[in-house]
Every structure is written in C-alpha cells, then in structure tokens.
Amino acid sequence: MPSFDIVSKVDAQTLDNAINNAKKEILNRFDFNGSKSTIELDKKTNVVTIVTEDDMRLKAIEGSIISRMMKQNLDPKSLDFGKETIASGNMIRKEITIKEGLDKEAAKKVVAKIKASGLKVQPSIMDDQVRVTAKKIDDLQAVISLCRGEDFDQPLQFINMRN
C-alpha cells in the first residue's frame with residue numbers, strides 16, 4: 001500500500017549557514033559598531049543563544065536571523081523564542097530553541113485534520129512523525145495539499161513516499 005511520512009525537521013547545515021550569515025550581517029551593521037553582541041548555535045541541543053546590550057539590538061538580531069532563515073528556505077516557525085534573561089553586567093541573553101520532530105499535540109492536530117477531511121487514508125502517529133497510508137496515491141497527494149494549506153504552528157515536510 002502506498003504511504004508517506006509527515007515530519008518536522010530542520011537541515012542542520014542550512015541552519016548553520018543562516019546563523020553564520022546573520023552573524024556576518026550584525027558585525028557589518030553601523031548600529032552594532034562597538035557592540036559586544038554575540039550569536040552562538042549549539043548544534044547538539046539545537047539552541048541559538050543571543051547575548052547583547054539592549055532590547056533594540058536583540059530585536060534587530062532576531063529579525064536578521066529570521067530573514068536569513070527565509071533566504072535559506074527554512075521556515076521560521078521552527079524557532080521557539082524563549083524569555084529574555086539578564087546576563088552579567090548590562091547584557092541581555094535570549095535562547096531560541098529549534099523545534100525538531102512533531103510533538104504529540106501537533107501530531108494529534110494533523111491526524112484530526114486528515115480524518116476530518118473524509119479522504120480514504122489511515123494516518124497513524126509514530127514517535128515524532130505521522131505515517132499516512134492509502135490505497136491510491138491520489139489520496140496521499142490530496143492529504144499533502146490539505147496539510148500544506150493548514151497552519152499547524154510547525155513546518156511540515158513530506159518524506160518517504162512509497163508505492
């Protein structure tokens with residue numbers, strides 16, 4: 001039976017490129033001249049740490065990261081902006097986590113939406129992905145277009161299309 005998987009993943013190398021481009025942009029900007037701002041990506045835990053002097057610069061760095069991600073064809077919905085904390089001195093620190101995999105709530109929303117559509121498919125939750133099986137590939141393609149049209153607060157990718 002034909003099937004495919006719905007997942008939510010971020011390509012690590014593309015994310016690294018986007019963060020490095022944002023670092024270069026911040027270093028070259030006039031309003032960051034003499035600033036002690038830093039952007040660091042921890043590849044193991046998928047956390048971006050921003051340390052800067054004030055709220056205006058923090059918002060500018062966030063905007064730069066989002067624009068660079070969009071230019072690299074990454075969805076900014078995969079970013080989970082944490083709370084701002086005060087670092088040493090007059091610095092502000094913010095940690096941005098990158099969402100990997102579908103969490104249970106998002107997977108349940110996807111399955112409920114697919115079942116509500118009335119298509120003859122069987123969605124099932126498997127760890128951090130949703131597998132959809134059907135008798136016809138046309139039904140699977142209809143599910144893909146249905147999921148692309150909805151907003152599940154996470155970017156979705158469709159992989160492993162099999163006959």
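Colleague: What makes the contact between the side chains of Glu53 and Arg57 a salt bridge?

Modeller: The N to O distance for Glu53 and Arg57 is 3.1 Å. A salt bridge requires a side-chain nitrogen of Lys or Arg within 4 Å of a carboxyl oxygen of Asp or Glu, so the pair qualifies. The model is predicted: local features need pLDDT of at least 70 and side-chain atom pairs count only at pLDDT 80 or more, while totals for chains, interfaces and linings use all residues. Residues are numbered from 1 along each chain as its sequence is written, and side-chain values use heavy atoms, with hydrogens and water left out.

Colleague: Why is Glu53 called buried?

Modeller: Its relative accessibility is 18%. Buried means under 20% relative accessible area, exposed over 50%, and partly exposed in between (1.4 Å probe, protein chains only); Glu53 therefore counts as buried. Arg57, at 16%, is buried too.

Colleague: How do you know that Asp151 and Lys77 form a salt bridge?

Modeller: Their side chains meet at 2.7 Å, N to O, so the distance criterion is met. Asp151 lies in the loop between helix H4 (137-149) and strand E8 (157-162), and Lys77 in the loop between helix H2 (55-71) and strand E4 (79-86), so the pair ties together parts that are 74 residues apart in sequence. Helices (H or I, at least four residues) and strands (E, at least two) are DSSP runs, numbered from the N terminus.

Colleague: Why are Asp151 and Lys77 described as partly exposed?

Modeller: Asp151 has a relative accessibility of 49% and Lys77 a relative accessible area of 35%. Both values therefore fall in the partly exposed range.

Colleague: What makes Lys113 and Glu150 a link between distant parts of the chain?

Modeller: Their side chains form a salt bridge of 3.6 Å, N to O. Lys113 belongs to helix H3 (residues 104-117) and Glu150 to the loop between H4 and E8, 37 residues apart. By the salt-bridge rule, the count comes to nine.

Colleague: How do you know that the length of H2 agrees with the expected span?

Modeller: The expected span of a helix is 1.5 Å times one less than its number of residues. For the 17 residues of H2 this gives 24 Å, and the end C-alpha atoms are 24 Å apart, so the two agree.

Colleague: Which parts of the structure do the buried residues of H2 pack against?

Modeller: They pack against helix H1 (12-28), strand E2 (38-42), strand E3 (47-52), E4 and strand E5 (92-98), where contact means heavy atoms within 4.5 Å. Among the buried residues of H2 are Leu58, Ile61 and Met69.
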